[in-house]
Amino acid sequence: MKASAGYQIVTLNEFIINRQEEHPEAKGDLSRLLHHIGVAAKIVNKKINKAGLVDILGEAGEVNVQGEEVKKLDVFANDHFMAAVKASGEVCAIASEENQEIVTFNDGLSRDGHYVFCMDPLDGSSNIEVNVSVGTIFSIYRRISPAGERAHVSDFLQSGHRQVAAGYVIYGSSTMMVYTTGNGVDGFTLDPGIGEFCLSHPRIRTPDDGRIYSINEGNYVHFPMGVKRYIKYCQEIDPESHRPYTSRYIGSLVSDFHRNLLMGGIFIYPETQSAPKGKLRLIYECNPIAYVAEQAGGMASNGTTRTMDIVPSDLHQRVPFYVGSSRMVDKVHDFLREFP
Ligand code: AHG
Ligand code: MN
Ligand code: MN
């Protein structure tokens with residue numbers, strides 16, 4: 001990876017172009033799309049930074065002082081990512097948490113687009129009013145239907161191992177974009193001074209083992225026996241394996257995962273009695289996070305099957321999710337096998 005002469009900083013766009021140059025066969029369509037995702041992330045970031053001013057700027061559903069209707073931030077993020085992805089001209093359809101059905105683009109350019117795009121435009125949105133980090137999760141697949149035709153829902157029902165790129169934006173104490181195109185994971189921090197994402201976390205590797213477990217323990221009584229036993233294992237005293245572990249749970253998948261990715265840890269959202277298939281969505285939450293996790297050396301499963309090997313049957317399908325440092329995911333698998 002070469003930085004421009006005289007500059008230490010590698011911006012996201014420069015990084016994308018450099019990567020493309022390393023693949024002379026690439027035509028630049030994915031690069032263009034990634035660039036547009038970066039632009040949408042900056043727009044959404046600006047809006048989220050102002051969320052605390054809601055009393056001044058107006059509540060969702062109200063008309064603000066400029067006479068504009070104030071949108072919920074999920075809808076705002078959805079609209080802007082939709083528009084940016086469409087503007088790239090590379091995508092023929094989008095699946096979003098905010099839309100029941102897929103949205104297909106039918107102008108000439110987009111209908112020829114080679115990719116479909118999946119997203120959770122605002123993840124952890126219930127946290128936003130209390131100033132806790134939220135995120136955007138995205139995933140890109142090559143379409144199955146022929147270019148030039150209207151995209152079909154089956155374009156989205158592909159296993160996660162067929163993703164060509166995936167990642168997330170975290171709007172936190174600083175805003176970052178983290179993504180993979182199947183060649184490792186890189187992280188970019190937004191420098192608000194210059195309005196650019198700058199390469200800050202090249203080639204992220206997650207520790208093989210960790211000391212953090214992240215799960216909503218309020219649901220403990222509803223967890224499968226293997227998960228209950230694993231939690232007790234995490235809480236036992238064993239100095240050799242650094243137990244008891246630390247419990248950390250924000251309630252925002254992107255933020256919980258990002259911390260564990262960098263520090264080592266496991267995030268679990270299992271099946272519960274009230275959510276027998278788990279809560280998180282396979283296509284636009286679990287698969288993209290699983291791709292990043294694996295590309296950083298971690299693991300992701302539904303407790304028995306690798307997340308990215310599950311064949312989706314429904315756009316908004318939910319799955320149990322176990323993701324993080326490989327030794328920790330292996331360990332919880334042991335408990336799930338022993339206490340089915
Ligand atoms: P979203 O805001 O997109 O609906 O997602 C919320 C998700 C996820 O971010 C988080 O991991 C999980 O919900 C938390 O759920 P609980 O409140 O049930 O723990
Ligand atoms: Mn979500
Ligand atoms: Mn969401």
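Modeller: In this predicted model, a residue is called buried when its relative accessible area is under 20%, and exposed when that area is over 50%.

Colleague: What makes aspartate 120 buried or exposed by that rule?

Modeller: Aspartate 120 has a relative accessible area of 0%, and because the cut-off for buried is under 20%, aspartate 120 is called buried. The same reasoning applies to leucine 122, whose value of 2% also falls under 20%, so that leucine 122 is buried as well.

Colleague: How do you know which residues coordinate the manganese ion (ligand 3)?

Modeller: A donor has to be an N, O or S atom within 2.8 Å of the metal, and Glu97 through OE, Asp120 through OD and Leu122 through its O atom coordinate the manganese ion (ligand 3) at 2.0 to 2.3 Å, so these atoms count as donors. Along the sequence, the donor residues follow the spacing E-x22-D-x1-L. Water is not among the atoms, so the site may look incomplete.

Colleague: What links the manganese ion (ligand 3) to the manganese ion (ligand 2)?

Modeller: Aspartate 120 coordinates both ions, which are 3.8 Å apart.

Colleague: What makes the contacts of glutamate 97, aspartate 123 and glycine 124 with ligand 1 polar contacts?

Modeller: The pair must consist of N or O atoms within 3.5 Å. An N or O atom in the side chain of glutamate 97 is 3.1 Å from an oxygen atom of ligand 1, a polar side-chain atom of aspartate 123 lies 2.7 Å from an oxygen atom of ligand 1, and for glycine 124 a backbone N or O atom lies 2.8 Å from an oxygen atom of ligand 1. Ligand 1 taken alone exposes 480 Å², of which the protein buries 80%.

Colleague: Which residues and strands make up the shell around ligand 1?

Modeller: Ligand 1 is surrounded by 16 residues, with Asp123, Gly124, Asn216, Tyr249 and Tyr269 the closest, and they divide into six nonpolar, five polar and five charged. Strands β3 (115–123) and β11 (266–269) each supply at least two of the shell residues, and the largest share, three residues, comes from β3.

Colleague: Why does the structure hold zero disulfides, if we take cysteine 92 and cysteine 286 as examples?

Modeller: A disulfide needs two cysteine sulfur atoms within 2.5 Å. The sulfur of cysteine 92 is 11 Å from the closest cysteine sulfur, in cysteine 118, and is therefore too far for a bond. For cysteine 286 the closest cysteine sulfur is also in cysteine 118, at 13 Å, again too far for a bond. Cysteine 92, at 1% relative accessibility, counts as buried, and so does cysteine 286 at 0%.

Definitions and conventions
Residues are numbered from 1 along each chain as its sequence is written. Chains are lettered from A and ligands numbered from 1 in the order in which they are written. This is a predicted model: local features need pLDDT of at least 70, side-chain atom pairs count only at pLDDT 80 or more; totals for chains, interfaces and linings use all residues. Side-chain values use heavy atoms; hydrogens and water are left out. Donors are N, O and S atoms within 2.8 Å of the metal (3.2 Å for Na, K and Ca); water is not among the atoms, so sites may look incomplete. Buried means under 20% relative accessible area, exposed over 50%, partly exposed in between (1.4 Å probe, protein chains only). A residue is near a molecule or strand if one of its heavy atoms lies within 4 Å of it. A polar contact is a pair of N or O atoms within 3.5 Å; within protein, one must be able to donate a hydrogen and the other to accept it, and residues adjacent in sequence count only if both atoms are side-chain atoms. Accessible areas come from the Shrake-Rupley method with a 1.4 Å probe; for residues, only the protein chains shown count as cover. Helices (H or I, at least four residues) and strands (E, at least two) are DSSP runs, numbered from the N terminus. Ala, Val, Leu, Ile, Met, Phe, Trp, Tyr, Cys and Pro count as nonpolar, Asp, Glu, Lys and Arg as charged, and the others, Gly among them, as polar.
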